[in-house]
Amino acid sequence: MRKLLKKGLCSLLSVLMVTGLLTGCGNANQDGVTEIHIVQYKMEAVTFFERLQEEFNATHDDIKLRIESPNEAMTILKTRFVREDYPDIIGIGGDINYSNFVDSHILMDISDYQGLQSIKQSYIDILEGLEFVPTEGIFGVPYVANAAGVLYNKDMFQEHNWKIPTTWSEFMSLCENIQSEGIQPLYFGFRDTWTCLAPWNALAVSLADADICAQVNKGEATFSDAYSGVAEKMTELLKYGEAGPFAYNYNDACIAFANGEAAMYTIGSYAVPQIQSVNPDINIDSFVMPANEDASKNILNSGIDLQFCLTKECKNKEAAYEVLDFLLDHNNMQNYLDDQNAVPCKDDTFELASMLDGVATYIEKGKMADFQDHYYPSEMAVDGMIQTYLMEGDKEAFLKKFDKDWLRYNRDIIRKVEDYEAGQQKG
């Protein structure tokens, strides 16, 4: 009897699992309604997506939208992919996870999706630049981006008549001036290693080539050369931050900046909601990290914060495209921008958050480059390497380790690049 019961339960579970897989991949149910299942990773936007799901389902009879926003979404997605349990659409960032998914042939080529024509070419270029080797097709719809440079207390700047710097010399002079008035110029919060990447990325986009990682993979460059100036300027910044920056974390830094303990904060626009939760009345604006002596060479650090990709197992591409159309609707995008202080990837007229006023011209002109760490393998732990470097100050050892570890953790990718280049030469 127990064997029969166990066998029956196993059969039922199998049926339920299969049914769940089919339902999750854009198949029509008995009522002829197609379910489109999205798994997206922006936990901070869960309320927005709950509202969006409700609005879509209230206005569509033939498609049912189900959006999941789980904790540790990337871990969950990778586990599901191993089990070959695919949602129809995934909402992810433009980083090395996307690169791995393209390389693993998990994503669908959506070059025929008409909505791509409304996306700014600069963000399509960023996606293509993330591919380990050039891959024919387009595999994501860039939705929103973020911008990272320097946040500043606008009221404090106006009160003291401080000018926005446009060159590195001006920036250092500004920090000296602020410090001489008894005010702390910068806040870091480097106890959380990932925060070390914020000023690093903002400097690197202007001081290193956007494709430096690809150049290194081809054996055409080294990080020791490319990142020397970035490393030097990181240590220069330390002189103007809080004493013992490695004792304070991201939350501490947001609180301190919100309470006026520093005039500037080297972080991205994504930190503004956290800062405003402490001080809703703070007047924040931002400027591009002025890494160069030639202001025309400064570039905004902006990467794809959220994009939507169809998996190859999506069974109803037309229904999925209809969902993408809904996501790209002007009002829905504006609501997301308002909710998350984000930058639109769509080439249209939107009202941006006031803390982006100082970088708006860079956004409009497409004068921006992706976060360098979007190309770094997580196993390499570059954020921890930068933190250690800032603590110890040995630039030569840091850069040497960067090159050595890059070759170690990217050997498979480097081999693919070598094979691709060899194939191109034969062709």
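Select lysine 401 and aspartate 405 to begin: their side chains meet in a salt bridge, 2.9 Å from N to O. This is a predicted model. Both residues sit in helix H18, 4 residues apart, so about one helical turn separates them. Compare their surroundings. Lysine 401 is partly exposed, at 42% relative accessibility. Aspartate 405 has 8%, so it counts as buried, the limit being under 20%.

**Positive patch**

Stay with helix H18, residues 395-409. Show Lys400, Lys404, Arg408 and Arg411, which form a positive patch on the surface. Helix H18 gives the largest share of this patch, 3 residues. Arginine 411 belongs to helix H19, which spans residues 411-426.

**Negative patch**

Now pick Asp61, Asp62, Glu322 and Asp325. Together they make a surface patch of negative charge. Zoom in on aspartate 325, in helix H14, residues 317-328. Its relative accessible area is 43%, so aspartate 325 is partly exposed.

**Nonpolar cores**

Hide the surface and turn to the interior. The largest nonpolar core has 118 residues. Which of its members touch the most others? Select Phe49, Tyr143, Phe171, Trp200, Tyr227, Met264 and Phe402. Then color H14, which supplies the largest share of this core, 8 residues. Another core, of 19 residues, lies apart from it. Tyr250, Phe257, Ala262 and Ile267 are among the members of that core.

**Tyrosine 336**

Go to helix H15, residues 330-340, and select tyrosine 336. Is tyrosine 336 buried or exposed? Its relative accessibility is 0%, so tyrosine 336 counts as buried. Add lysine 297 and draw a distance between the C-alpha atoms. The two residues are 39 apart in sequence and 31 Å apart in space.

**More salt bridges**

The whole structure holds 15 salt bridges. Side chains of opposite charge can pair when their charged atoms come close.

- Select lysine 42 and glutamate 44. Their closest N and O atoms are 2.7 Å apart, in a salt bridge. Lysine 42 is buried, with a relative accessible area of 7%. Glutamate 44 is partly exposed, at 48%.
- Select lysine 315 and glutamate 313. Their side chains form a salt bridge at 3.5 Å, N to O. Lysine 315 counts as exposed, at 51% relative accessibility. Glutamate 313 is partly exposed, with a relative accessible area of 31%.
- Select Glu35, Arg66, Glu68, Arg80, Arg83 and Asp85. A network of salt bridges links these residues.

**Two backbone stops**

Switch to a backbone view. Most residues other than glycine have a negative phi. Which way does the phi of glutamate 84 go, positive or negative? Glutamate 84 has a positive phi of about 60°, although it is not a glycine. Find it in the loop between helix H3 (73-82) and strand E3 (89-92). Glutamate 84 counts as exposed, at 57% relative accessibility.

Move on to histidine 105. Its phi is also positive, at about 60°, and it is not a glycine either. Where is histidine 105 found? Look in the loop between helix H4 (96-103) and helix H5 (121-129). Histidine 105 has a relative accessible area of 56%, so it is exposed.

Methods: Residues are numbered from 1 along each chain as its sequence is written. This is a predicted model: local features need pLDDT of at least 70, side-chain atom pairs count only at pLDDT 80 or more; totals for chains, interfaces and linings use all residues. Side-chain values use heavy atoms; hydrogens and water are left out. Patches are made of residues with over 30% relative accessible area and no salt bridge: like charges are joined within 9 Å, nonpolar side chains (Val, Leu, Ile, Met, Phe, Trp, Tyr) within 5 Å. Accessible areas come from the Shrake-Rupley method with a 1.4 Å probe; for residues, only the protein chains shown count as cover. A salt bridge is a side-chain nitrogen of Lys or Arg within 4 Å of a carboxyl oxygen of Asp or Glu. Lys and Arg count as positive and Asp and Glu as negative; His and the chain ends are not counted. The place of a charge is taken as NZ of Lys, CZ of Arg, CG of Asp or CD of Glu. Helices (H or I, at least four residues) and strands (E, at least two) are DSSP runs, numbered from the N terminus. Buried means under 20% relative accessible area, exposed over 50%, partly exposed in between (1.4 Å probe, protein chains only). A nonpolar core is a set of buried Ala, Val, Leu, Ile, Met, Phe, Trp, Tyr and Cys residues joined through side-chain atoms within 4.5 Å.
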